Amino acid sequence: MAKKTEDILVRFGKRVRELRSEKGYSQESFADTCELDRTYIGGIERGERNLALRNIERIANTLGISMAELMEGL
């Protein structure tokens with residue numbers, strides 16, 4: 001499937017997984033730092049969750065990037 005035709009939730013989840021891995025976080029440690037449940041982070045990374053802006057901000061803050069940087073390439 002071409003990147004832009006792939007669902008936004010799937011693209012966002014892949015982006016989160018990629019950035020989390022680059023920063024060396026396990027899914028569990030990342031979830032703890034974000035103050036979110038590990039299963040919720042797993043759902044995000046699989047494209048199953050439609051996130052609230054507050055949670056997007058938590059993820060960006062944990063990664064040390066802006067929300068705009070988190071959305072790059074989506």
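**Exercise 1. Find the residue with positive phi just after helix 3, and describe how helix 3 is covered.**

*Step 1.* Just past the end of helix 3, G47 adopts a positive phi of about 80°. Helices here are DSSP runs of H or I with at least four residues, strands are E runs of at least two, and both are numbered from the N terminus. This is a predicted model, in which local features need pLDDT of at least 70, side-chain atom pairs count only at pLDDT 80 or more, and totals for chains, interfaces and linings use all residues. Residues are numbered from 1 along each chain as its sequence is written, and side-chain values use heavy atoms, with hydrogens and water left out.

*Step 2.* Now look at the helix itself: helix 3 covers residues 38-45 and is mostly covered, with six of its eight residues buried. Buried stands for under 20% relative accessible area, exposed for over 50%, and partly exposed for what lies in between (1.4 Å probe, protein chains only).

*Step 3.* The buried residues of helix 3 are Y40, I41, G42, G43, I44 and E45. Their packing partners are helix 1, helix 2 and helix 4.

**Exercise 2. Work out how helix 2 and helix 3 are placed relative to each other.**

*Step 1.* Start with the two quantities to look for: a pair of packed helices is described by the angle between the axes and the distance between them.

*Step 2.* For helix 2 and helix 3, the axes come within 8 Å and cross at roughly 110°. The axes are lines fitted to C-alpha atoms, for helices over the stretch in contact, and the angles run from 0 to 180 degrees between N-to-C directions.

*Step 3.* Helix 2 and helix 3 are therefore roughly perpendicular. The classes are roughly parallel under 35 degrees, roughly antiparallel over 145, roughly perpendicular from 65 to 115, and oblique for the rest.

*Step 4.* Next, list who meets whom: Q27, E28, F30 and A31 of helix 2 meet R38, I41, G42 and E45 of helix 3. Contact means heavy atoms within 4.5 Å. By class, this contact of helix 2 with helix 3 has three nonpolar, two polar and three charged residues. Nonpolar covers Ala, Val, Leu, Ile, Met, Phe, Trp, Tyr, Cys and Pro; charged covers Asp, Glu, Lys and Arg; the others, Gly among them, are polar.

**Exercise 3. Repeat the analysis for helix 2 and helix 4.**

*Step 1.* Helix 2 (residues 27-34) and helix 4 (residues 53-63) have axes that come within 9 Å and cross at roughly 110°. Helix 2 and helix 4 are therefore roughly perpendicular too.

*Step 2.* On the helix 2 side the contact is made by F30, T33 and C34, and on the helix 4 side by R58, I59, T62 and L63. Sorted by class, the contact of helix 2 with helix 4 has four nonpolar, two polar and one charged residues.

**Exercise 4. Is E35 buried or exposed, and where does it lie?**

*Step 1.* E35 lies in the loop between helix 2 and helix 3.

*Step 2.* E35 counts as exposed because its relative accessibility is 64%.

*Step 3.* Check the backbone: phi of E35 is near 60°, a positive value in a residue other than glycine. For context, most residues other than glycine have a negative phi.

**Exercise 5. Trace which parts of the chain L19, R11 and L74 belong to, and how far apart they are.**

*Step 1.* L19 lies in helix 1 (residues 8-22), and R11 has its place in helix 1. L74 lies in the segment after helix 5 (67-71).

*Step 2.* L19 is buried, with a relative accessible area of 11%. R11 is buried, with a value of 11%, and L74 is buried at 15%.

*Step 3.* Leaving aside neighbours within four places in sequence, L19 is in contact with L63, I65 and L70.

*Step 4.* Now the C-alpha separations: R11 and L74 are 63 residues apart along the chain and 6.3 Å apart in space. L19 and L74, 55 residues apart along the chain, are separated by 13 Å. L74 and C34, 40 residues apart in sequence, are 21 Å apart.

**Exercise 6. Summarise the whole protein.**

*Step 1.* The protein has five helices and zero strands.

*Step 2.* Buried residues make up 39% of its 74 residues.
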